[in-house]
Amino acid sequence: LRALGEREAALAAQARGVALDPASPWAHLTSAELLRELGRLEDALRAARRAQELDEDDRPGLVEESRVLRHMARLPEAATAARRALAIDRRQPPAIAALAHVQAATGDLAAALVAFDHALGLLPTLAEAHAGRGATLVALGRHPEALEALARAIALDEADHHPHAVRAELH
């Protein structure tokens, strides 16, 4: 349903899944992702933190917490959540990308680009890293490279509106 752009319907289905298995970190994590995409950031943050409560080594929950906090403009906390995920596993591409997004948001574009490239070196199919790399390249004025990165992000995750929006600003 998410891939079809029906996030509200996906969230309703996800709520039924959480009701069936309230002890599942994955169920809460998926809810957090959908809530973030719907702009319900406080609810998303609660769901991401619940996933972590259910699994103390929940790297995906920490990464999602970082994403939500970044969208809430709580950048120091977002960086802390990403670093906590990296403390569990330094080679986790989504956590590297989460920290890179914070670096870009705080204006450290060179460090962000290096981190996005590192994440993509580990996991070339990570759409959010391509999207972040593209947005960072736009900020650096490197538009042809940015368009290429954004096209990769869109090819990997058509439902993510962010790379579409960044690409539209360039045209």
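**Exercise 1. Work out how α8 passes helix α9 in this predicted model, and which way the two run relative to each other.**

Solution. Start with the handedness: α8 passes α9 in a left-handed crossing. Next, look at the axes of α8 and helix α9 (residues 143-156), which come within 8 Å and cross at roughly 160°. Now use the cut-off: an angle over 145 degrees counts as roughly antiparallel. So α8 and α9 are roughly antiparallel to each other.

Then find out who touches whom. On the α8 side, the residues are A127, H130, A131, R133, G134, A135, L137 and V138. They meet H143, E145, A146, A149, L150, R152, A153 and L156 in α9. Sort the residues of this contact by type and you get 10 nonpolar, 3 polar and 3 charged.

**Exercise 2. Now try the same steps on α2 and α3: what are the angle and the distance between their axes?**

Solution. Helix α2 covers residues 25-37 and helix α3 covers residues 41-54. Their axes come within 8 Å and cross at roughly 160°. That makes α2 roughly antiparallel to α3. As for handedness, α2 passes α3 in a left-handed crossing.

For the contact, take P25, H28, L29, S31, A32, L35 and R36 from α2. Their partners in α3 are L41, D43, A44, A47, A48, R50, A51 and L54. By type, the residues of this contact split into 10 nonpolar, 2 polar and 3 charged.

**Exercise 3. Check the span of helix α6, then list its buried residues and find what they pack against.**

Solution. Helix α6 runs over residues 93-105, which is 13 residues. At 1.5 Å a residue, it should span 18 Å. Its end C-alpha atoms are 18 Å apart, so the model agrees with the expectation.

Next come the buried residues of α6: P93, A95, I96, A97, A98, L99, A100, H101 and V102. These buried residues pack against four helices, namely α4 (59-71), α5 (75-88), α7 (109-122) and α8 (127-139). Finally, step just past the end of α6 and you meet G107, with a positive phi of about 95°.

**Exercise 4. Two arginines sit in helix α4, R67 and R70. Find what each one touches, leaving aside neighbours within four places in sequence.**

Solution. Take R67 first. Is R67 buried or exposed? Its relative accessibility is 11%, and buried means under 20%, so R67 counts as buried. R67 is in contact with E33, R36, P94 and E128.

Now R70. Its contacts are L75, A78, H101 and V102. Pick out H101: R70 and H101 are 31 residues apart in sequence, yet their C-alpha atoms are 8.0 Å apart in space. H101 also belongs to the buried residues of α6.

**Exercise 5. Place Q92 and L123 in their loops, and decide how accessible each one is.**

Solution. Q92 lies in the loop between α5 and α6. With 9% relative accessibility, Q92 counts as buried. Beyond its neighbours within four places in sequence, Q92 is in contact with R59, P60, V63, A85 and L86.

L123 is in the loop between α7 and α8. Its relative accessible area is 31%, so L123 is partly exposed. One last step: how far is L123 from R91? Along the chain they are 32 residues apart, while their C-alpha atoms are separated by 9.8 Å.

Methods: Residues numbered from 1 in each chain as written. Predicted model: local features only at pLDDT ≥ 70, side-chain atom pairs only at ≥ 80, totals over all residues. Heavy atoms only, no water. Expected span 1.5 Å × (residues − 1). Buried < 20%, exposed > 50% of the residue type's maximum accessible area, 1.4 Å probe, protein only. Contact = heavy atoms within 4.5 Å. Axes fitted to C-alpha atoms, helices over the stretch in contact; angles between N-to-C directions. Parallel < 35°, antiparallel > 145°, perpendicular 65-115°, else oblique. Left-handed = near helix turned anticlockwise from the far one by under 90°. Nonpolar A, V, L, I, M, F, W, Y, C, P; charged D, E, K, R; others polar.
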